[in-house]
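User: Hi! I'd love a close look at the charged side chains of this one and at how they pair up.

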Amino acid sequence: MNANMPSTEQHIAILRPKLVAFARLQLRDSAAAEDTVQDTLIVALEKHDTFAGRSAFETWVFGILKNKILERIRYERRYCSWQDSSWKDSSWQDSEQSDEDALENLFQHNGRWQPAHKPQSWGDPDQVLENASFWQLLDTCLLVLPDNTARVFTMRELMGLTTEEICDALSLSDANCWVMLHRARLKLRACIEKGWLT
């Protein structure tokens, strides 16, 4: 073994903050994120001998984390399913309705953008994506999204799950999933434009 290569434990120590940040973004609960990352790291250490090296070590560990996050979400959905009617109180419905009204106001009757709400240029996309400040702003904007909307968006865009997998994990209809993704993208765009361009 190359003396300059980090050990598995060193790899994990370097990865841990990224894993926790990703899990916290998805689960919206620091304790749940820590527990899920801990479970992930235990599996990574126990199964390290089975790591075939077909992908980067980081990719392999993030794959384990994604599965652990999905397990936790499914468990929470089953455990809390009997409470479904209690969490949908009138304030939640009012905020959903106001979101819908706000989104409708962005477009004309023919489906085109209202002139005042037309998307602005963010500059060269490659340069924006290399800018650490952009990623910090995106993280902040994701934290401001409603929990379910952020969860659907991150499952799709950061975890790479299909719509079918998201719907299965969260017990959503296909149409509801697409509406939530659309809302997330519009809200993120507005948040990023406000923080990035102004």
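To get my bearings, how many helices and how many strands does the secondary structure of the chain come to? Then please zoom in on the salt bridges: with which residue does R28 form one?

Analyst: Happy to walk you through it. This is a predicted model, in which local features need pLDDT of at least 70 and side-chain atom pairs count only at pLDDT 80 or more, while totals for chains, interfaces and linings use all residues. Residues are numbered from 1 along each chain as its sequence is written, and side-chain values use heavy atoms, with hydrogens and water left out.

To your opening question: the secondary structure comes to ten helices and zero strands. Helices here are DSSP runs of H or I with at least four residues, strands are runs of E with at least two, and both are numbered from the N terminus. Along the sequence the pattern reads α-α-α-α-α-α-α-α-α-α. The chain has 198 residues, and 31% of them are buried; buried means under 20% relative accessible area, exposed means over 50%, and partly exposed covers what lies in between, with a 1.4 Å probe and protein chains only. Among contacts with a separation of 6 or more, 66% join residues 24 or more positions apart, where contact means heavy atoms within 4.5 Å.

Now to the charges. Side chains of opposite charge can pair when their charged atoms come close. The structure holds seven salt bridges, each being a side-chain nitrogen of Lys or Arg within 4 Å of a carboxyl oxygen of Asp or Glu.

R28 forms its salt bridge with D147, and the closest N and O atoms are 3.0 Å apart. This pair links distant parts of the chain: R28 sits in the loop between α1 (8-27) and α2 (30-46), D147 belongs to helix α8 (residues 147-157), and 119 residues separate them. R28 is partly exposed at 22% relative accessible area, and D147 is also partly exposed, at 45%.

Another salt bridge joins K68 and E71, at 3.7 Å from N to O. These two are three residues apart in helix α3 (residues 57-80), which means that about one helical turn separates them. K68 is partly exposed, with a relative accessible area of 21%, and E71 counts as partly exposed at 44%.

In helix α10 (residues 174-197), R189 and E193 lie four residues apart, about one turn of the helix. Their salt bridge brings the closest N and O atoms to 3.5 Å. Here the partners are covered: R189 is buried with a relative accessible area of 15%, and E193 counts as buried at 8%. Salt bridges that share partners also join R16, R24 and E34 into one network.

What surrounds the K68 and E71 pair is worth a look too. T36, in helix α2, counts as buried at 3% relative accessibility. Leaving aside neighbours within four places in sequence, T36 is in contact with L27, L65, K68, I69 and R72, and K68 is the residue that bridges to E71. From C-alpha to C-alpha, E71 and T36 are 9.4 Å apart in space, with their positions 35 residues apart in sequence. I69 also appears beside Q26, a residue of helix α1: not counting residues up to four places away in sequence, Q26 touches I69, I73, R151, T154, M155 and M159. Q26 is buried, at 2% relative accessibility. Among these partners, R151 lies within the span of helix α8, residues 147-157.

Finally, some charges gather without pairing. E164, E165, D168 and D174 form a negative surface patch. Patches are built from residues with over 30% relative accessible area and no salt bridge, joining like charges within 9 Å and nonpolar side chains (Val, Leu, Ile, Met, Phe, Trp, Tyr) within 5 Å. Asp and Glu count as negative and Lys and Arg as positive, with His and the chain ends not counted; each charge is placed at NZ of Lys, CZ of Arg, CG of Asp or CD of Glu. Helix α9 (residues 163-170) gives the most to this patch, with three residues. E165 lies in that helix, α9, and is partly exposed at 38% relative accessible area. For the whole chain, about 12600 Å² is exposed, with carbon and sulfur atoms supplying 52% of it; the areas come from the Shrake-Rupley method with a 1.4 Å probe, and for residues only the protein chains shown count as cover.
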